[in-house]
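Work through the exercises below with the sequence and the model beside you. Try each task before you read its solution.

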Amino acid sequence: MGGKSEHSRLEEQIDENLKKVFKRDTAEPIPDRFAQLLKQLKEQEQANDQ
């Protein structure tokens, strides 16, 4: 008994903490190297589409 509500509360806590982490991380700027890699991938995709 009570296991299901305890499990639900645990899931809620996990969800809340994950949201906090992702919210914090998305506020940080993307490292230059990562931005360069994304740019290269976009350029490759555009070249392949032509």
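**Exercise 1: Burial and overall form**

Buried residues account for 0% of the 50 residues in the protein chain. Buried means under 20% relative accessible area, exposed over 50%, and partly exposed in between (1.4 Å probe, protein chains only). This is a predicted model: local features need pLDDT of at least 70, side-chain atom pairs count only at pLDDT 80 or more, and totals for chains, interfaces and linings use all residues. Residues are numbered from 1 along each chain as its sequence is written, and side-chain values use heavy atoms, with hydrogens and water left out.

Task: Find the radius of gyration of the protein chain and set it against that of a compact globule of 50 residues.

Solution.
- Step 1. Take the rule: the radius is taken over C-alpha atoms, and the globule value is 2.2 Å times the number of residues to the power 0.38.
- Step 2. Compare: a compact globule of 50 residues would have a radius near 10 Å, but the protein chain has 20 Å.
- Step 3. Check the box: along the principal axes, the C-alpha atoms fill roughly 60 × 25 × 10 Å.
- Step 4. Count the elements: the chain has two helices and zero strands. Both kinds are DSSP runs, numbered from the N terminus (helices: H or I, at least four residues; strands: E, at least two).

**Exercise 2: A salt-bridge network**

Task: Which residues are joined into one network by salt bridges that share partners?

Solution.
- Step 1. Set the cut-off: a side-chain nitrogen of Lys or Arg must lie within 4 Å of a carboxyl oxygen of Asp or Glu.
- Step 2. Count: this rule gives two salt bridges.
- Step 3. Take one pair: Arg 9 and Glu 12 bridge with their closest N and O atoms 3.1 Å apart. Both lie in helix H1 (residues 3–27), three residues apart, about one turn of the helix.
- Step 4. Take the other pair: Glu 16 meets Arg 9 at 3.8 Å, N to O.
- Step 5. Join them: Arg 9, Glu 12 and Glu 16 form one network through shared partners.

**Exercise 3: A residue in a nonpolar patch**

Task: Is Leu 41 buried, partly exposed or exposed?

Solution.
- Step 1. Locate Leu 41: helix H2 (residues 32–49) holds this residue.
- Step 2. Read the value: Leu 41 has a relative accessible area of 48%, so Leu 41 is partly exposed.
- Step 3. Find the partners: Leu 41 makes a nonpolar surface patch of about 450 Å² with Ile 30, Phe 34, Leu 37 and Leu 38. Patch residues have over 30% relative accessible area and no salt bridge; like charges are joined within 9 Å, nonpolar side chains (Val, Leu, Ile, Met, Phe, Trp, Tyr) within 5 Å. Accessible areas come from the Shrake-Rupley method with a 1.4 Å probe; for residues, only the protein chains shown count as cover.
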